[in-house]
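Let's take a friendly walk through this structure together, starting with one side chain and ending with a pocket.

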Amino acid sequence: YTLSPRARSSFRLALRITLVFIGVLWTVFIVDAAFGLRLARFGLRPGNAAGLIGIFTAPLLHGSPQHLLSNTLPLLVSLTATLYLYPASSVRVIPLLWLGCGAVAWFIGQAPSLHIGASGLIYGLLAYVFMSGILRRDMRSVSVSLLVGFLYGSMVWGVLPIRPNMSWEMHLSGALTGLLLAVLSLSVTIASRSLTPSLAERPRS
């Protein structure tokens, strides 16, 4: 990130928000394990009406410390990058990614199955950052996109059904939703700019 005070402030805010969210995930996991709440039953169950609640709850739930640890660092990178690089659009993009990932997975997932974890959201965030960086041709975004591709390029295999007990449906749903939102977000930005008259074009009073 850049050295300007505003950029540093924006980065710190994005990082704090991300750390708070990660803290929430760990709190949910610890409370679930300590009190035996079996919250995994509220995960996403494709094709099952009762499993629709998982669209909202699945990213908050994890099956083991290893499961949550494997998602912590990618979530730290992807969510911080999204909040920092796209602070305005992230207010819309993140909720849409959360809901869209679960909704698509509910339709394409195999039944009976249970899906939990934030990995679908992570795939969506990484796809959004990567595609937005390419489409916007912004050096900051492109740099982050290259970093994301270098660090998590192997994650592309996670969208294929090649490993047992891996929620590839959530990964694929998140990635597709992220790519779509990147294109739509750019289209909305271009449209809003074209509809906003310049100072020279505005009527004078």
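Helices here are DSSP runs of H or I with at least four residues, numbered from the N terminus. On that footing, Trp26 sits in helix α1, which spans residues 5-35. Please keep in mind that this is a predicted model.

Is Trp26 buried or exposed? Buried would require under 20% relative accessible area and exposed over 50%. With a relative accessibility of 24%, Trp26 therefore counts as partly exposed.

Now look at what surrounds this side chain. Leaving aside residues up to four places away in sequence, Trp26 is in contact with Pro65, Leu68, Leu69 and Thr72. Take Leu69 as one of these partners: 43 residues separate Trp26 from Leu69 along the sequence, while their C-alpha atoms are 9.3 Å apart in space. With Thr72, there is also a polar contact of 3.3 Å between the two side chains, Trp26 on one end and Thr72 on the other.

From here, we can turn to empty space. Rolling a probe the size of a water molecule over the atoms reveals where such space remains. The largest pocket holds about 520 Å³. Its lining is made up of 25 residues, and those closest to the pocket centre are Ser119, Asn165, Met166, Ser167 and His171. Three elements each give two or more residues to this lining: α3 (65-85), α5 (119-136) and α7 (168-195). Which of the elements provides the largest share? That is α3, with four residues.

As for chemistry, the lining of the largest pocket has 12 polar, 11 nonpolar and two charged residues.

Key: Residues are numbered from 1 along each chain as its sequence is written. This is a predicted model: local features need pLDDT of at least 70, side-chain atom pairs count only at pLDDT 80 or more; totals for chains, interfaces and linings use all residues. Side-chain values use heavy atoms; hydrogens and water are left out. On a 1 Å grid over the protein atoms alone, a cavity is a set of points where a 1.4 Å probe fits but cannot get out, and a pocket is an open set with protein on both sides within 12 Å along at least five of seven lines; lining residues have an atom within 4 Å of a point. Grid points are joined across faces, edges and corners, and a volume is the space filled by probe spheres set on the points. Ala, Val, Leu, Ile, Met, Phe, Trp, Tyr, Cys and Pro count as nonpolar, Asp, Glu, Lys and Arg as charged, and the others, Gly among them, as polar. Buried means under 20% relative accessible area, exposed over 50%, partly exposed in between (1.4 Å probe, protein chains only). Contact means heavy atoms within 4.5 Å. A polar contact is a pair of N or O atoms within 3.5 Å; within protein, one must be able to donate a hydrogen and the other to accept it, and residues adjacent in sequence count only if both atoms are side-chain atoms.
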